[in-house]
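Here are my notes on the model you passed along, set out point by point. Have the viewer open while you read, and start where I did.

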Amino acid sequence: VNLYGFSKQNLAAISTTPSLVLPSFCQKCGAWRPPRCHHCSQCNRCVLQMDHHCPWVNNCIGYNNYRTFFLTVFYLTIGCIYGVSLLVVPFYEQIQEQIAEHGWKLFYSNNTGFLDLPTPWTMFYLACTTGLEPGVWIKLVFPLMLGAGITLGSFGGFHVMQIWTGRTTLEHKVMLLDLQDEAFVQLQNNNNNSNKYTCTKIVKPKNTRPKSPFDQGGIANFRQALGSNFLLCLLPVHVAPPPPFVPTKYDKSS
């Protein structure tokens with residue numbers, strides 16, 4: 001196992017280094033693992049730079065496939081934006097024609113809502129026999145692509161923020177829990193130092209966004225996650241991930 005310069009013999013000598021950047025021993029795998037490596041209970045293995053377990057790809061997202069995962073979300077978002085841009089005018093015309101003919105209603109003749117789509121079983125029957133009318137396809141596909149685009153865009157934006165700050169989803173969650181624990185301890189201390197007639201409140205911690213020890217700066221973080229070549233970073237070509245970054249010292253300041 002590559003421990004990035006650490007050996008099993010000198011682990012005790014570096015115990016003063018923060019644990020987030022130290023090798024650790026996995027009790028379930030029974031092996032030493034390098035820094036930033038976590039055990040996935042669903043895959044039953046340790047994953048380097050684990051971000052999260054994705055049920056959509058039935059695999060863990062980590063060091064070897066994070067770029068592929070990010071590009072998948074990116075291209076799906078672009079595809080949804082493109083589809084919405086093509087259908088927004090026909091969809092508006094369909095709704096405008098519907099309102100002009102029947103007025104503004106929450107439920108129309110089909111009783112399926114404002115879009116007045118046929119019932120699911122009717123659409124399934126028509127799709128298998130004569131086919132659906134273009135207007136039905138537009139009313140059906142446009143809201144789905146709009147909702148998927150908003151969801152994927154928000155998810156992709158979250159990961160852009162994570163890449164910029166040099167952290168994974170799992171590390172982001174751990175840091176939020178640390179802030180929660182800090183606030184809880186502060187509340188306990190306030191309660192212990194106050195009497196029953198004093199109203200106490202949690203003072204917002206000064207460092208609400210702890211800096212990740214793996215943060216090399218925004219541009220360097222993007223190179224670390226998507227590859228050093230900016231011309232290829234968003235293209236669907238294979239790019240080998242750069243060597244994992246392990247800091248030599250940990251600065252907690254943001």
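1. Let's begin with Leu226. At a relative accessible area of just 3%, Leu226 is buried; keep in mind that this is a predicted model. Leu226 belongs to helix α5, which covers residues 218-226. Once its neighbours within four places in sequence are set aside, Leu226 is in contact with Arg67, Phe70, Cys233, Leu234 and Val239. Have a look at Pro242 as well: it is 16 residues from Leu226 along the chain, with 8.7 Å between the two C-alpha atoms.

2. Now the overall layout. The protein has five helices and six strands. Reading along the sequence gives β-β-β-β-β-β-α-α-α-α-α, so the strands come before the helices. Of the 254 residues, 31% count as buried. The accessible surface comes to about 16600 Å², and carbon and sulfur atoms supply 62% of that. As for contacts with a separation of 6 or more, 50% of them are between residues 24 or more positions apart.

3. Helix α3 deserves a check with a ruler. It has 32 residues, 134-165, and at 1.5 Å a residue it should span 46 Å; the end C-alpha atoms are 45 Å apart, so expectation and model agree. Which residues of α3 are buried? They are Gly135, Val136, Ile138, Lys139, Phe142, Gly149, Gly156, His159, Gln162 and Ile163. Just after the helix, Gly166 takes a positive phi of about 70°.

4. On aromatics, the structure holds six aromatic pairs. One of them is Phe91 with Phe142, a stacked pair with 4.4 Å centre to centre and 20° between the planes. Phe91 sits in helix α1 (residues 66-102) and Phe142 in helix α3, so this pair ties together parts that are 51 residues apart in sequence. Both rings belong to buried residues: Phe91 has a relative accessible area of 15%, and Phe142 comes in at 7%. Elsewhere, ring pairs link Tyr66, Phe69 and Phe155 into a cluster.

5. Arg36 is one I'd click on. You'll find Arg36 in the loop between β2 (31-33) and β3. Is Arg36 buried or exposed? At 11% relative accessibility, Arg36 counts as buried. The charged end of Arg36 sits over the ring of Phe214, 4.1 Å from the ring centre. The backbone is worth a glance too: phi of Arg36 is near 65°, a positive value in a residue other than glycine. For background, most residues other than glycine have a negative phi.

6. Gln49 connects to the previous point. Gln49 is placed in the loop between β4 (45-48) and β5 (52-54). With a relative accessible area of 18%, Gln49 is buried; the cut-off for that label is under 20%. Leaving out neighbours within four places in sequence, the contacts of Gln49 are Arg36, Cys37, Ile61, Gly62, Tyr63 and Thr168. So Arg36 turns up again here, as one of the residues that Gln49 is in contact with.

7. Next, the hairpin. Strand β3 (residues 37-40) runs antiparallel to β4, and four bridges join the two. Within this pairing, His38 has Val47 of β4 as its bridge partner. Four residues lie between the strands of the hairpin, and there Asn44 takes a positive phi near 55°. Like Arg36, Asn44 has its positive phi in a residue other than glycine. What sets the two apart is burial: Asn44 is exposed, with a relative accessible area of 57%, whereas Arg36 counts as buried at 11%.

8. Last stop, Pro213. Which loop holds Pro213? The one between α4 (169-192) and α5. Pro213 is buried, at a relative accessible area of 6%. Its C-alpha atom is 6.5 Å from that of Pro247, and the two prolines are 34 residues apart along the chain.

Terms used. Residues numbered from 1 in each chain as written. Predicted model: local features only at pLDDT ≥ 70, side-chain atom pairs only at ≥ 80, totals over all residues. Heavy atoms only, no water. Expected span 1.5 Å × (residues − 1). Buried < 20%, exposed > 50% of the residue type's maximum accessible area, 1.4 Å probe, protein only. Contact = heavy atoms within 4.5 Å. Phe/Tyr/Trp six-rings, centres within 6.5 Å; stacked < 30°, edge-to-face > 60°. Lys NZ or Arg CZ within 6 Å of the ring centre and 35° of its normal. Pairing = 2+ DSSP bridges. Areas by Shrake-Rupley, 256 points an atom, 1.4 Å probe, with all protein chains shown as cover.
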